[in-house]
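Student: I should like to examine this model and ask on what grounds each description rests.

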Amino acid sequence: MIIEPVINGVVARTAHPLGCEQAVLQQINYVKQAKPITDGPKRVLIIGGSSGFGLAARTALTFGGAKADTISVSYERGPSDKGTGSAGYYNNLFFKKYAEQEGRIAVNIQGDAFSRQIKEEVVEAIETYFEGEVDLIIYSVASGVRPNPETGDLWRSAIKPIGQDVSGATILLENDHWLDTTITSATEAEAQDTIKVMGGEDWESWVDTLINSDSIAQGCKTIAFSYMGPEVTHPIYLDGTLGRAKIDLHQTSHSLNLKLACYDGGAYATVCKALVTKASVFIPGLSPYIISLYKVMKEQGTHEGCIEQMQRLFSSKLYGSAKVPVDCERLVRMDDWELDSATQQKVTQLMSSLNSDNFKQLADYAGYKQEFMQLNGFGFDNIDYTQPIDLKMFSEKDTE
Ligand code: NAI
């Protein structure tokens, strides 16, 4: 079949395997020539490793100096009668191919990270492939739902402000339309459910599982990703439901830090830059900020994507020196360049001048859209998208 991009709103319904391979290769090529990670971890578990920050972390650690073996958990679907399969599925496949070519172990476990069963499968995989221990646990899940293990009901996250309605614009990637909207304030129940899905509880449950199964190596670290952003984004992010979940995640990092202290290890919430990923394009009201940020940071030469952020995190902050640099709340700050005051001054100014008529000219919507297309394997110059693809070639069940 010939695979064309199909987007509904901000969700991609198709993915191109060969483009996903290109995306994986681009990341590998970047880290191979970047500042290398020294004294890095050798056995890494990534929960949410098929796209965005998780995939970039996996790539940086395997190809960017540390030569890590990895086990990744993700929730993706392969090709079937119903569709092409998700980009993350192909990313897993190609990551494994290139990692194995360099003699590294790369295990892909596809299933629900929140479930007991997948946690047990991972413990078994750690026994089989890592001689029973991990040196680093990365928690990078972005999900809209989590099953309540006791009742089986779903907690659903609601990305909303708290205490007030907020007006903003969302840009529909489907038709490049700017949509002025008002996002209504969350109920307390919605805020609590969002904490259940995107807060620290499942991260803690992963680390507890690995402590209980004796799978933690001496010096083991764990990280999870957070976002704070500048004041203009606070009504929809930091002061909203997602921000509450992230504060819960920050608090979890402190309790996990105490638990891992017994192994001379540590736990860190790592605050990253706002970037285009499958998850972030879903946040209502955030796209005008991201296209303004891209424009300004690209002009200033400080723009980074997920892969640059992760390589810098591991080579300059988390490994290679005795102490991990943290701020006064014990957060690792990878949003330092984003929040630079000169950058933010320009971003705020640009954002305030954007509207439905001029956003494509004034801000970097082209860059935003291109990144989104490439996340799904489209928009690579060296791929002939008119050629049919036999999806059966990629349908092998790659669970390990
Ligand atoms: P993403 O959508 O690219 O990746 C999410 C990953 O979670 C994928 O590997 C997916 O398969 C996995 N996943 C989702 N549900 C799952 C489940 N039930 N079981 C197993 N795996 C599951 O998202 P992104 O943006 O990389 O997000 C990762 C983390 O980074 C999130 O905590 C997010 O809040 C945080 N972050 C994102 C920023 C951004 O601008 N994109 C900025 C700062 C932090």
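The following exchange takes up a buried residue, a ligand site and a helix.

Tutor: This is a predicted model, in which local features need pLDDT of at least 70 and side-chain atom pairs count only at pLDDT 80 or more, while totals for chains, interfaces and linings use all residues. Residues are numbered from 1 along each chain as its sequence is written, and side-chain values use heavy atoms, with hydrogens and water left out.

Student: Why does F378 count as buried or exposed?

Tutor: F378 has 4% relative accessibility, and therefore counts as buried; the term means under 20% relative accessible area, with exposed over 50% and partly exposed in between, using a 1.4 Å probe and protein chains only.

Student: Where is F378 found, and which residues does F378 touch?

Tutor: F378 is found in the segment after α12 (365–375). Helices here are DSSP runs of H or I with at least four residues, strands are runs of E with at least two, and both are numbered from the N terminus. Leaving out residues up to four places away in sequence, F378 touches I3, E4, P5, T14, A15, H16, M373 and Y385, contact meaning heavy atoms within 4.5 Å. F378 and E4 are 374 residues apart in sequence, with C-alpha atoms 8.2 Å apart in space.

Student: What makes the backbone of G48, G52 and A142 a source of polar contacts to the ligand?

Tutor: A polar contact is a pair of N or O atoms within 3.5 Å; within protein, one must be able to donate a hydrogen and the other to accept it, and residues adjacent in sequence count only if both atoms are side-chain atoms. A backbone N or O atom lies 3.4 Å from a ligand oxygen atom in G48 and 3.3 Å in G52. For A142, a polar backbone atom is 3.4 Å from a ligand oxygen atom. The ligand taken alone exposes 840 Å², and the protein buries 94% of that, by the Shrake-Rupley method with a 1.4 Å probe.

Student: How do you know that α8 is mostly covered?

Tutor: In α8, 10 of the 14 residues are buried, among them Y289, I290 and Y294. The buried residues of α8 pack against β9 (166–172), β10 (177–183), α10 (341–352), α11 (359–362) and α12.

Student: What span does α8 reach, and what is expected?

Tutor: Helix α8 (residues 287–300) reaches 20 Å from its first C-alpha to its last, close to the expected 20 Å; the expected span is 1.5 Å times one less than the number of residues. After α8 comes G301, with a positive phi near 75°.
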